[in-house]
Amino acid sequence: MSEYRTEEDTLGPVKIPADALWGPQTERSRNNFPTGQYMPLAIIRALLNIKKAAAQANMETKAISEEKGNLIVKAIDELLALNDDELRKDFPLKVYQTGSGTQTNMNTNEVVAHKAHEINPDIEILPNDDVNKGQSSNDTFPTAMNVVALEALDKLKPAVQHLIDELKAKQEKYMKTVKVGRTHLQDAVPLTFGQELSGYVASLEHDLDYIKTLEPTLNELAIGGTAVGTGLNAAEGMPEKIAEKLSEVYGLNLTADSNKFYGLANHSGLDVVHGALKTLAADMFKLAQDIRFLASGPRAGYGELNIPANEPGSSIMPGKVNPTQAEAVTMAALRVFGNDTVVTMASSQGNFEMNVYKPVLIDAFLESADLMTGTIMGFADKMIHGMTVNEERMAELVDNSLMTVTALSPHIGYHDSAKIAQAADKAGSTLKEAALKSGKLTEEQYDEWMDMLKMTNVDRDK
């Protein structure tokens, strides 16, 4: 039996591996664009669901026979039932192909047509005329882009909420644990560790709100625009039916009531939502950076936090523990920063009726969402959950801080308080020793005014 079969497209005959479900256009792309990562399978599954919804809509509008439509639906159901490894075998194309995603759209059309032939060879299903009926790559691919972006956000949001919950538990536990504050990397007045954590919680809650507020813009689908946005060759009512069926499949509130010229030529929604992902990444970078610095040590660093030992930290230094989860999430954040440039530039590109940077745009978006989802979960479960406070070290640093002198300022004035701090620093003495030596206050007054927890405005009775 031959290893190849020959099929023809509009450019002529093409040799295709005998057992492949794809056809000539896929084979051409496979050979012409061998570089880079594979098209994300989320896009493939979304396109399959779009083709299924289109077949159902075409049957309802009498644009295709029920015999053909039902066979297309059956073929797609069998493909959707495959696991990722099985599905990948017949979707071999790369991200770096035509900027419209046409070749991946045709890969989908060809695979569905061949799968339908396997099921019932007596009914001819053509990739363009039947599977792609009433559609264009120019409206199906951007529709898939929005759908998979919303899917990715639905995985990311629970991860962010999970980290918020873990931080809130620590916030409550350590709300009365006083520590030295730091501004400009210099000692500042005290706060509690719970208060410090509350700032991180608030940042993540805002990030989550930004995502939730912005993501509805992705509900607008390009489907129905076909080639240039006019809807040529799409049956009346078909786009609305597709949006309705996709909404049921994905549990989303999708709509085809959108400007199709915008839907094909612009990806502003993906751009603005990715901006929220970048903001999340920036806040995660700051949070993870702070935690790993506060946990630095154990003897020669800040040493305020104890972090879980998840794996040996060094191949040469026995017993070393490194903040690996912080390192992972900060590296992921850097990738998101880079991806934001890709998404922004890709959104600005293309000419006239068509943006031709679609595959790289959605690949970057999905990578950002996936990286944030995974590393945030790891950071929450493998670092924050097991993190504890070194209360002795925190107390030591607060006691030795010169900036607690700020509490004396309302009583003896800013100028004299500054002199006390400077004298203690110069003499290497405690603040109390310098304060009493100044003659500006008594020991009883010092002890009353220098209440560390009171300085934080945390109610000690709650």
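The following legends describe an overview and several close-up views of a predicted model.

**Figure 1. Overall architecture of the protein.** The protein contains 19 helices and six strands. Its C-alpha atoms occupy a box of roughly 100 × 50 × 40 Å along the principal axes. The radius of gyration is 30 Å, whereas a compact globule of 462 residues would have a value near 23 Å. Half of the chain is shielded, in that 50% of the 462 residues count as buried. Of the contacts between residues at least 6 apart in sequence, 74% join residues at least 24 apart.

**Figure 2. The span annotated as a domain.** An unreviewed UniProt entry carries the annotation "domain: Fumarate lyase N-terminal" for residues 12–338. In the predicted model, this span is 59% helix and 6% strand. The C-alpha atoms at the two ends of residues 12–338 are 41 Å apart.

**Figure 3. The hairpin of β1 and β2, with helix α1.** Strands β1 (4–9) and β2 (12–17) pair in the antiparallel sense through six bridges. Two residues connect the strands in a hairpin. Within this pairing, Glu8 has Pro13 of β2 as its bridge partner. Helix α1 comprises residues 24–32, and its buried residues include Pro24, Thr26, Glu27 and Ser29. The buried residues of α1 pack against both strands, β1 and β2, and also against α5 (102–119).

**Figure 4. Lysine side chains over tyrosine rings.** Two views show a lysine placed over the ring of a tyrosine. In one, the charged end of Lys15 sits over the ring of Tyr4, at 4.8 Å from the ring centre. In the other, Lys94 lies over the face of Tyr38, and the distance to the ring centre is 4.9 Å.

**Figure 5. The aromatic pair of Tyr174 and Phe193.** The structure holds two aromatic pairs. One of them is formed by Tyr174 and Phe193, whose ring centres are 5.9 Å apart and whose planes meet at 55 degrees, a tilted arrangement. Tyr174 belongs to the loop between α7 (137–173) and β3 (178–183), while Phe193 belongs to helix α8 (residues 193–214), so the pair ties together parts that are 19 residues apart in sequence. Tyr174 counts as buried because its relative accessibility is 4%. Phe193 also counts as buried, with a relative accessibility of 0%.

**Figure 6. The aromatic pair of Phe285 and Phe337.** The ring centres of Phe285 and Phe337 are 6.5 Å apart and the planes stand at 40 degrees, so this pair is tilted. Phe285 is in helix α11 (residues 268–294) and Phe337 is in helix α12 (residues 324–348); the pair thereby links distant parts of the chain, 52 residues apart. Phe285 is partly exposed, its relative accessible area being 23%. Phe337 is likewise partly exposed, at 29%.

**Figure 7. The hairpin of β3 and β4.** Strand β3 is joined by five bridges to strand β4 (residues 186–192), and the two run antiparallel. Thr183 has Gln186 as its bridge partner in β4. The hairpin has two residues between the strands, and His184 adopts a positive phi near 60 degrees.

**Figure 8. Surroundings of Ser401.** Ser401 is located in the loop between α14 (391–400) and α15 (409–412). With a relative accessibility of 1%, Ser401 counts as buried, because the cut-off for a buried residue is under 20%. When residues up to four places away in sequence are not counted, Ser401 touches Val180, Asp187, Ala188 and Leu431. Val180 falls within β3 (178–183), and Asp187 and Ala188 fall within strand β4 (residues 186–192).

**Figure 9. Surroundings of Leu402.** Leu402 also has its place in the loop between α14 and α15. Its relative accessibility is 17%, and Leu402 therefore counts as buried. Leaving aside residues up to four places away in sequence, Leu402 touches Ala421, Ala424, Asp425 and Leu431. The C-alpha atoms of Leu402 and Ala424 are separated by 7.6 Å, although the two residues are 22 residues apart along the chain. Leu431 is touched by Leu402 and by Ser401.

Terms used
Residues numbered from 1 in each chain as written. Predicted model: local features only at pLDDT ≥ 70, side-chain atom pairs only at ≥ 80, totals over all residues. Heavy atoms only, no water. Phe/Tyr/Trp six-rings, centres within 6.5 Å; stacked < 30°, edge-to-face > 60°. Helix = DSSP H or I, 4+ residues; strand = E, 2+ residues; numbered from the N terminus. Buried < 20%, exposed > 50% of the residue type's maximum accessible area, 1.4 Å probe, protein only. Lys NZ or Arg CZ within 6 Å of the ring centre and 35° of its normal. UniProt positions renumbered as here; feature names shortened; annotations may be inferred. Pairing = 2+ DSSP bridges. Rg over C-alpha atoms; globule rule 2.2 N^0.38 Å. Contact = heavy atoms within 4.5 Å.
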